[in-house]
Structures are given as structure tokens and as C-alpha cells.
Amino acid sequence: MKAAVTTDDHGFEVVEMPDPTPGPDELVIRVAACGICGSDIKAQPFAPAGMVMGHELGGEIVAIGSQAGGWPAGTNVAVLPVVSCGACRYCEVGLVSHCAQVSYLGMGPAGGFAEFAAVPARHAFAVPADVPSIHSALVEPFAVGLHGVHSADISPGDDVLIVGAGGVGLTTHVWTLRKGGASVTVVDPDPGRRELARDTGATDVLGSVSETEAGAYDVAIECVGRPELVQACQPALRPQGRLVILGACSEPTQIEPITALLKELTIRYSVAYRPDEFREVIDAFASGAIDPTPMMGPALDLTRLGEAFELVRSGAVQGRVLVTPH
């Protein structure tokens with residue numbers, strides 16, 4: 001098979017590799033598409049040469065392990081890209097990203113920037129045949145947004161501020177509306193992203209957090225991963241407001257303690273997703289409750305993976321950039 005692997009100079013090259021064979025509890029899928037997100041951009045400089053990255057993947061089952069269950073070949077699946085033990089206290093309740101043995105496809109085990117990928121059978125979720133196969137790669141980012149909304153305990157009537165209208169911010173915004181948010185304000189400096197947020201139902205769009213009204217929101221969700229944006233969200237919250245940090249930030253994040261204390265703010269982080277959230281996303285795609293099409297950006301073939309990363313890194317496109325290996 002063809003696969004794009006990382007190089008010593010932190011680029012990519014397409015090479016021929018043996019087709020994967022499934023372990024006893026694995027499936028092999030023909031990858032329909034694999035998305036690129038901010039965590040890929042941040043991880044790329046640290047990836048060792050020869051790694052197959054890509055964790056937002058889905059595709060068609062072509063091989064089935066001996067203990068993988070009764071999966072029929074040809075089924076289209078979305079992949080929750082976590083490899084976990086399946087038996088610990090966290091796995092048993094669906095918090096698979098907190099398993100002590102956790103690893104992520106595309107960040108160690110080979111991921112989705114290849115024609116085929118071996119994936120854990122228990123973390124593959126059937127996508128109905130009438131859902132376009134390319135949408136299987138969008139289940140993961142929508143599950144990130146859904147988990148963030150669950151972490152924020154959003155309920156009907158809440159006024160919600162979402163900072164960032166990239167892939168995570170837009171999926172969070174869509175789920176906030178689905179969960180009954182009374183109003184959703186989306187902040188992003190890019191006019192195209194603000195327009196996309198408005199087109200997908202945002203009540204208001206702003207270019208900067210500094211433009212928000214003080215004390216106007218029950219919930220703020222930071223989806224970028226910049227410490228100054230986390231701190232800037234605090235004045236916008238009402239007393240007993242909730243601040244959820246969904247963006248991955250590698251720098252220290254300061255909290256203004258007096259504001260947080262006097263307002264009794266709840267501040268929490270949100271990471272990854274649970275299996276039931278993958279199922280909920282797929283159900284929403286299948287029923288038409290959520291149409292992921294507006295969130296799709298350009299689709300590039302495997303030979304253009306470096307270009308695709310640059311598009312995401314530069315913020316030059318709206319929607320999720322996808323790589324289509326076939």
C-alpha cells in the first residue's frame with residue numbers, strides 16, 4: 001500500500017509499505033478519508049521519521065481479526081482512534097482516553113494517512129450505507145465538539161460564547177445549538193470563518209474576545225489553545241459561569257483568581273470523547289439532524305499531505321481539510 005510517512009526534516013514522503021494484517025481484535029479498513037487538526041500540526045515537529053500520522057479516519061472494512069466479532073466486510077466505519085486495554089475502570093465506563101495503557105492511532109500506532117489502516121474493532125462504529133463514506137472521517141471532530149458541550153453541562157436557555165471557529169469550534173457551536181443553547185456567539189479573527197459560523201446558525205459573530213459584553217454568558221468554551229484567550233473569557237462570564245478549555249495548549253495558562261473567586265466560576269478541561277458520543281454523532285449524521293457538509297474543507301490526495309498540513313497551519317481555508325488516500 002501507499003502511505004505518507006514523516007521524514008527526518010519534519011516533512012512527508014509517500015512510500016510503499018506492506019498492507020496491514022489485522023490482529024485478533026482488529027479490523028483493517030480501506031481509508032476513505034483522514035482529517036487534519038491542530039493537534040496534528042503541533043505533533044508533527046516531534047514525530048520520529050517513518051511514522052504514519054492521522055487520527056481522524058474512517059473507511060470500509062476489508063479484513064477482520066479472528067476475535068473481532070461479526071463484522072461484515074464492506075461495512076463503512078468511523079474510528080475512535082484510541083488503543084486502550086478495554087478492561088480498566090476508565091475503559092469500563094467509556095473514558096477510554098484515560099486508560100493507563102492508552103495510545104492514539106497516528107501518534108505511535110500507524111494512522112490514517114495511508115491507503116489501509118489497522119484499527120481496534122471495539123472502537124469502530126458502523127456508519128449507515130446512505131451516509132457518504134467521506135463523512136466517516138468527520139465523526140471524530142464532531143465527537144470532540146460534543147464532548148466539550150457535555151463537559152460544559154450546556155442546558156436549554158444557556159447563553160454560550162465559543163472562541164475559535166476552526167474545526168473544533170464549529171463542531172462545538174453546532175452541538176451547542178442542538179443541546180438547546182439560547183444564544184451562541186462565535187469569536188474568530190477570520191472573516192470567512194465568522195461567515196461560516198453565521199451560516200451554520202450562530203446568533204452573533206465577533207472578531208475578538210475583547211468585543212464581548214462583560215457578564216453576558218453562562219458558558220465560555222475556548223477552542224483554540226492560547227492562554228491569553230482563556231484568561232480573556234473570564235470577564236465575559238456571569239456569576240457561577242462555566243469555562244471549558246477545549247483547545248490544546250502547550251504553554252502555561254493563567255487564571256485571574258479574583259474574578260474566578262468572586263464569580264464562583266467553574267473551570268475545567270475537556271479532552272477527546274467517549275464511545276457513546278461517537279454513536280450519537282453517527283446517529284445525528286444518519287437522521288439528518290446534523291449535516292457535516294458545511295464543515296468540510298478541501299480534500300487532497302496523499303501526495304499532497306505536506307500541502308494539506310500547510311493549509312491548516314496557515315489558517316488559509318475554512319472547514320476540515322481532508323486527505324483521501326484512494
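A residue is called buried here when its relative accessible area is under 20%, and the exercises below apply that cut-off to a predicted model.

**Exercise 1. Aromatic pairs**

Determine how many aromatic pairs the model holds, and work out which parts of the chain are tied together by the pairs F12 with F309 and F125 with F278.

Solution.
- Step 1. Rings pair if their centres lie within 6.5 Å, and by this rule the count comes to five aromatic pairs.
- Step 2. One of these joins F12 and F309, whose ring centres are 4.8 Å apart with 55° between the planes, a geometry that is tilted.
- Step 3. F12 belongs to strand β2 (residues 12-16) and F309 to helix α9 (residues 305-314), so this pair ties together parts that are 297 residues apart in sequence.
- Step 4. F309 has a relative accessibility of 1% and therefore counts as buried.
- Step 5. For F125 and F278 the centres are 5.5 Å apart and the planes stand at 40°, so this pair is tilted.
- Step 6. Because F125 lies in strand β9 (residues 124-126) and F278 in helix α8 (residues 275-287), the pair ties together parts that are 153 residues apart in sequence.
- Step 7. F125, with a relative accessible area of 6%, is buried, and F278, at 0% relative accessibility, counts as buried.
- Step 8. Ring pairs also link F113 with F12 and F309 into a cluster.

**Exercise 2. The surroundings of Q44**

Is Q44 buried or exposed, and which residues does Q44 touch?

Solution.
- Step 1. Q44 is found in the loop between α1 (38-43) and β4 (56-64).
- Step 2. The relative accessible area of Q44 is 6%, and Q44 is therefore buried.
- Step 3. Leaving aside residues up to four places away in sequence, Q44 touches H10, G11, F12, M53, F309 and R313; two of these, F12 and F309, form the tilted aromatic pair of the previous exercise.
- Step 4. With R313 there is also a polar contact of 2.6 Å, which joins the side chains of the two residues, Q44 and R313.

**Exercise 3. Helix α4**

Check whether the span of helix α4 agrees with its number of residues, and establish how many of those residues are buried.

Solution.
- Step 1. Helix α4 (residues 167-178) has 12 residues, which at 1.5 Å a residue should span 16 Å.
- Step 2. The end C-alpha atoms of α4 are 17 Å apart, which agrees with that expectation.
- Step 3. Nine of the 12 residues are buried, and α4 is thus mostly covered; among the buried residues are H173, V174 and W175.
- Step 4. Just after α4, G180 takes a positive phi of about 100°.

**Exercise 4. Cysteines**

Decide how many disulfides the model contains, and explain why C34 and C88 do not bond to the cysteines closest to them.

Solution.
- Step 1. A disulfide is a covalent bond between the sulfur atoms of two cysteines.
- Step 2. The cut-off is a pair of sulfur atoms within 2.5 Å.
- Step 3. For C34, which at 0% relative accessibility counts as buried, the closest cysteine sulfur is in C37 at 9.3 Å, too far for a bond.
- Step 4. For C88, the closest cysteine sulfur is in C91 at 3.6 Å, and this too is too far for a bond.
- Step 5. By this rule the count comes to zero disulfides.

Methods
Residues are numbered from 1 along each chain as its sequence is written. This is a predicted model: local features need pLDDT of at least 70, side-chain atom pairs count only at pLDDT 80 or more; totals for chains, interfaces and linings use all residues. Side-chain values use heavy atoms; hydrogens and water are left out. Rings of Phe, Tyr and Trp (its six-membered ring) pair if their centres lie within 6.5 Å; planes under 30 degrees apart count as stacked, over 60 as edge-to-face and the rest as tilted. Helices (H or I, at least four residues) and strands (E, at least two) are DSSP runs, numbered from the N terminus. Buried means under 20% relative accessible area, exposed over 50%, partly exposed in between (1.4 Å probe, protein chains only). The expected span of a helix is 1.5 Å times one less than its number of residues. A polar contact is a pair of N or O atoms within 3.5 Å; within protein, one must be able to donate a hydrogen and the other to accept it, and residues adjacent in sequence count only if both atoms are side-chain atoms. Contact means heavy atoms within 4.5 Å.
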